[in-house]
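Hi everyone, thanks for making time. I'd like to walk you through one residue and the sheet around it, so please have a look at the screen.

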Amino acid sequence: MKTQERDLADLIVRPIVTEKATTLLELNKYVFDVVVTATKLEIKAAIESLFDVSVAKVNTMRLPRQKKRVGKFNGYKTQYKRAIVTLKEGDSLNEVLFPEL
């Protein structure tokens, strides 16, 4: 099943800005939350089409579900997938993700 180019933008949920993610910026790696069903090739195509950069490598991980309790009801938070995208030399997303104020 091929993803249409107009649907690629829906695969990327949000960029992650944590202390660990900002240390990866020095290695030209960016961290995104993506849809659980997204594949590495779809994530690569989405990043390249959205930000007009060249992607060298995509690593993905599915984090374990976290328990959530609301009153007397037990449940789980929604499952998500995290992608670490390595860009090729010379490409950067700093201007897009972190605009200077």
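I'll start with the sheet, then move to a single aspartate. Please keep in mind that this is a predicted model.

So, how are the strands ordered in the sheet? There are four of them, running E1-E2-E6-E3, in an open sheet with antiparallel pairing. At the edges stand E1, residues 12-15, and E3, residues 55-62. Each of these two has a single partner strand, so one side of each is left without a neighbour in the sheet. On average, neighbouring strands are turned by 30° against each other, direction ignored. Helix H2, covering residues 40-51, packs on this sheet and touches E1, E2, E3 and E6. For those of you who like angles, the direction of H2 makes about 125° with that of E3.

Now to our residue. Asp33 sits in strand E2, which spans residues 29-34. E2 runs antiparallel to E6, residues 81-87, and six bridges join the two.

Which residue of E6 is the bridge partner of Asp33? That is Arg82. The side chains of Asp33 and Arg82 are also joined, by a polar contact of 3.2 Å.

And is Asp33 buried or exposed? Its relative accessible area is 2%, and the cut-off for buried is under 20%, so Asp33 counts as buried.

Finally, the surroundings. Leaving aside neighbours within four places in sequence, Asp33 is in contact with Leu11, Ile12, Val13, Arg14 and Ile16, and also with Tyr80, Lys81 and Arg82.

That's my tour, and I'm happy to go back to any part of it.

Conventions. Residues numbered from 1 in each chain as written. Predicted model: local features only at pLDDT ≥ 70, side-chain atom pairs only at ≥ 80, totals over all residues. Heavy atoms only, no water. Helix = DSSP H or I, 4+ residues; strand = E, 2+ residues; numbered from the N terminus. Buried < 20%, exposed > 50% of the residue type's maximum accessible area, 1.4 Å probe, protein only. Polar contact = N/O pair within 3.5 Å; in protein donor to acceptor, adjacent residues only side chain to side chain. Contact = heavy atoms within 4.5 Å. Pairing = 2+ DSSP bridges. Axes fitted to C-alpha atoms, helices over the stretch in contact; angles between N-to-C directions.
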